Amino acid sequence: MHRHQPPSTGESRNIHSGHAVIFCIVLILVCSLFQSLILSQFIEGPFAGTVYQSIFLVIVLVGTLGSAYWYRRDIFFRLNSLKFAMVLIEFICLSLLLSTIVAQRLPSEAYIQRYGIFLNTIIRSLHLNDIYSSIWFLALQLFLAASLVVCIIREKPWHTRLIGFAMCHAGIVILLTGITVGKFTTFKGNIELRRGEAKRTLTLANGSNENRFITLPFSIQLEKTELDTNPQRFSVYLIYADREKNRLKTFASLPVESNGSLDVYETGDSLKILDYYPDGGKKTLYVEHSEEPRISMAEVRVETENTRLEQRFISGHPQKSNMPDTTKSYQIRYSWEPPGDDEIKALEYKPNSYDTDEHWFEVRYIKGENKEEVYIKDVKPGGTYRVPGTNYTVTAQKYFRHFNLDLNSGSASDASGDPVNPTMEITLRNIENPDESGITDWLFDKNPGFTNLSSDYKLPFNLIYHRLRGRNTYRRHYLIIGSLQEIWLVSEGEIKSRKKFELNEKTEFEEEGTVFIVSELYENAREQEVYFSKSDQPRNPFLRLGIESGGTTRTVVMSALDPEPVLLSKNGYFAVFQPRNEPQIRDFFCDILLKFEGEEIYKGKISINDPFKFGSYYFYHHDFTKDDIEFVNLTVVYDPGYKLVLSGFFLLILGVIHALFIKPLFGEEDDLPSESVIEAEIDENGPKVLL
Amino acid sequence: MINIVGNYFRSGAVIQVSFWLTVCGLIGYLAGIFVRRKWWIRICSHFLALNMVLFLAHIIISWSELGRPPFQSLLESLYLLGFFLLFYGSWTGHFRGAHISGMTAQALALFIHIYRFVKPDLEPVFSPPALTSYWFIPHVISYFLAYGAFIFSALGAVIIILNPRGQSWFRMSYLGGPEFDWDHHVNRMVSVGFTALTIGLAMGSIWSKNAWFSYWIWDYKQVWAVMTWLIFAVYLHSRYIHDWSGRRSAWLILLGLAVIIFTYLGLNFLPFSDFNRHSF
């Protein structure tokens, strides 16, 4: 009942596998010729673009089909012939095989180099160098698709027993249609966004110069970005130096995070991770030690709002300590013995703030002949200097840190020791009249235009005064004098505070917002070097590894940034502590906001494996850098075929399941579709081996 | 050699026990040819089932230890394949009475263990972010489900090609006896494999679309994967429509298996296989 109308009799209507093979070869040759001679002119010429390509593709196909029809008029009837489809599949398989044998998409010189001129000519004329985008490969696929379509129509799928069969093939057709729809309607462009920025212009990936840009119906705004990273991990690698083969062979590893142990059977050692410091630092700890000599010591911690300093002070050895924020430094002295009054008197500490200040004069000439910058450098108060290129000398009379002018007396003075308004008092004299009193005025560092020598005194130049600040401009000195009973904090020669405490009692006091904490006291201290971790970040990983061999245990300290091999008990075997080679980035998220005429229409998140979909628009990450995660390059793809492809796959899978598993349950496994009957009728030579 | 012993000791209890189960199971099957007792073969079947449980336990344990599915390195994927092989072997051996499947499964499991002892993973491999998709797990599992089924259909194909007939004890208990229809069995296995392969291929394609904005990237692994699919599609068509069966179909299956082995392992050795996101 589901048999086809048998084709009219005649030898020419029978299709053998051989005919199909010949057809495919002719197809390949015709398409190659067409692509080489005609299409390539257009691809590089003004008609480049998918529309023209597709038009020509259709022309090629129609031409090929037409010629085939002319030659053998029943080719269309034979599209549903299974043999024809099988031959097509074989040809596709063979071309896929070829595509793995012949290197694809290399520059043309590489082919000549690799295969020689003769093979290169064949490869290029048959487009074997780029099989996947050659016309003949596309034509083979299209014929297979056409064969599937004809097959479905002819097999009358409304018969329930053929549902699975029809679903499979319809699925493939829908799938291919979706991909083809995608191919010709899709556009893919990139958009670069900074956080908070909204854009609606895409730069097309393969557009020509005139239509490189496309404007989307909505704008994309980058709301938030987030980078999810793996922490860098480290392992102890066990390596064997193979002298015969002259190579190193890593044969086992002990990951640090396992915090475990590893028996090295090869050498008889047993490794154990004792401690791991991701951000390792080394410090000297002092521990109580009962033996002579006596070293009395206190650990004092100084804390301000922002900084924290910890230092050890040994009895009788004053130590200066600079706070990290550079504006304050402390001189702390810890003394085990109670100080006498004389000792305190001897302590005179004054601010030494401005020792490093430098004073420069910049000379600006009125007649702009000399355009170079001219400076009188390293001016010392009291010194006299020649102004270059003029007949004048300048004397730096006096330096005021905090210039203050008494309006009644007209005399200047320092209002404080702080450099609030640095000012230099100068005297200018003409060399020709050295005895004249000259011109005396003030030059202000923070207000260089206030004193204008050229307009006020008709001089041919101006002087600008610069005070170059030294690094440690402002210091306070504290001195802690301590004893068993008392710690004195002395600042600028003045006793700021005294704090009494008992032996072994830790004390704490505050002075001008600075907290001093005596955290440890040792009666007899001993040095011990220890490793510690400053943070959890693996910035400078250190490892303490215990190696046990033959009943003895030794401990080694290994650094990952400076890896040094540790020899194991057997010759040629060693261990190295090194970073592991694994990807740092785990995922990258972008929060995207779509706006249409200023109104929010959609919010979504993009991750590396999950684009954000809006209608037929898909938003992918194209690029991002670890250093600047707030700047991303998104790829926007418009692909209306995606859902078609999905449903094609779904139908295909359902069809396969139905045809292979559900249908046999109803005992129809042996009831074959009509093709076999027809093939048997047509093919008088009997079934042929296809492969 | 000394490394192989060391690697054995470093492998953990589950692998060590599984190794000895495999060795004993395989020796048991081989000895069963001469011992000729039903209970002997039954013990071998139980060894096989226990080994399957241990393979699964190994996968679960490494999953929890690594914090990611343990299918990323070649060795890890071999253990997944091994689990499916032992499963199919148990099924056809124990329930269908063709114990040669069980023997084959044990032999392949032994190969996997030996491979591990010779070339272990030095440390967990972590894939680049694009490979850590949620599609990864079902894609890989369905692929290995398919590969396992195809390997056993190829075993059946070899038996069909060699075509042993007769009533000896070996043929009775190892090949399922005269009433065991190998042709039908092979067809079932291909059906299972082809369905899983189709699902895997579809998922891979959708995954590719999600991660690389294209269903299809012409890399060698994908090209060969679709060749596998096409060859088994040809098999099914030739069988259902051309009425092929027996040796002719069997050769087609062996061709398919050759393509699978090349897809799985051989592509890494291609001279110009540059960066390939599927390679191990």
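**Figure 1. Pairing of strands β3(A) and β32(A) around Asp228(A) in the predicted model****.** Asp228(A) has Asp587(A) of β32(A) as its bridge partner. The two strands, β3 (residues 213-229) and β32 (residues 585-596), run antiparallel and are joined by 10 bridges; strands are DSSP runs of E of at least two residues and helices are runs of H or I of at least four, both numbered from the N terminus, and two strands pair if DSSP finds at least two bridges between them. Residues are numbered from 1 along each chain as its sequence is written, while chains are lettered from A and ligands numbered from 1 in the order in which they are written. In this predicted model, local features need pLDDT of at least 70, side-chain atom pairs count only at pLDDT 80 or more, and totals for chains, interfaces and linings use all residues, with side-chain values using heavy atoms and leaving out hydrogens and water.

**Figure 2. Surroundings of Ser219(A) in strand β3 of chain A****.** Ser219(A) counts as buried because its relative accessibility is 15%, where buried means under 20% relative accessible area, exposed over 50%, and partly exposed in between (1.4 Å probe, protein chains only). Leaving aside residues up to four places away in sequence, Ser219(A) touches Ala198(A), Lys199(A), Arg200(A), Leu593(A), Leu594(A) and Lys595(A), a contact being heavy atoms within 4.5 Å.

**Figure 3. The hairpin of β32(A) and β33(A)****.** Strand β32(A) is joined by 7 bridges to β33 (residues 599-606) of chain A, and the two run antiparallel. Phe596(A) stands opposite Glu599(A) in β33(A), and of the hairpin, which has 2 residues between the strands, Glu597(A) takes a positive phi near 50 degrees.

**Figure 4. The interface of chain A and chain B, with the salt bridge of Glu266(A) and Arg10(B)****.** The contact takes 77 residues from chain A and 57 residues from chain B, and the area buried between them is about 5800 Å², of which carbon and sulfur atoms give 69%; buried area is the accessible area (1.4 Å probe) that two parts lose on being put together, summed over both. In chain A, Thr100(A), Asn609(A) and Leu660(A) lose the most area to chain B, together 12% of what that side buries. Across the interface the rule finds 2 salt bridges, each a side-chain nitrogen of Lys or Arg within 4 Å of a carboxyl oxygen of Asp or Glu; in one of them, Glu266(A) and Arg10(B) have their closest N and O atoms 2.8 Å apart.
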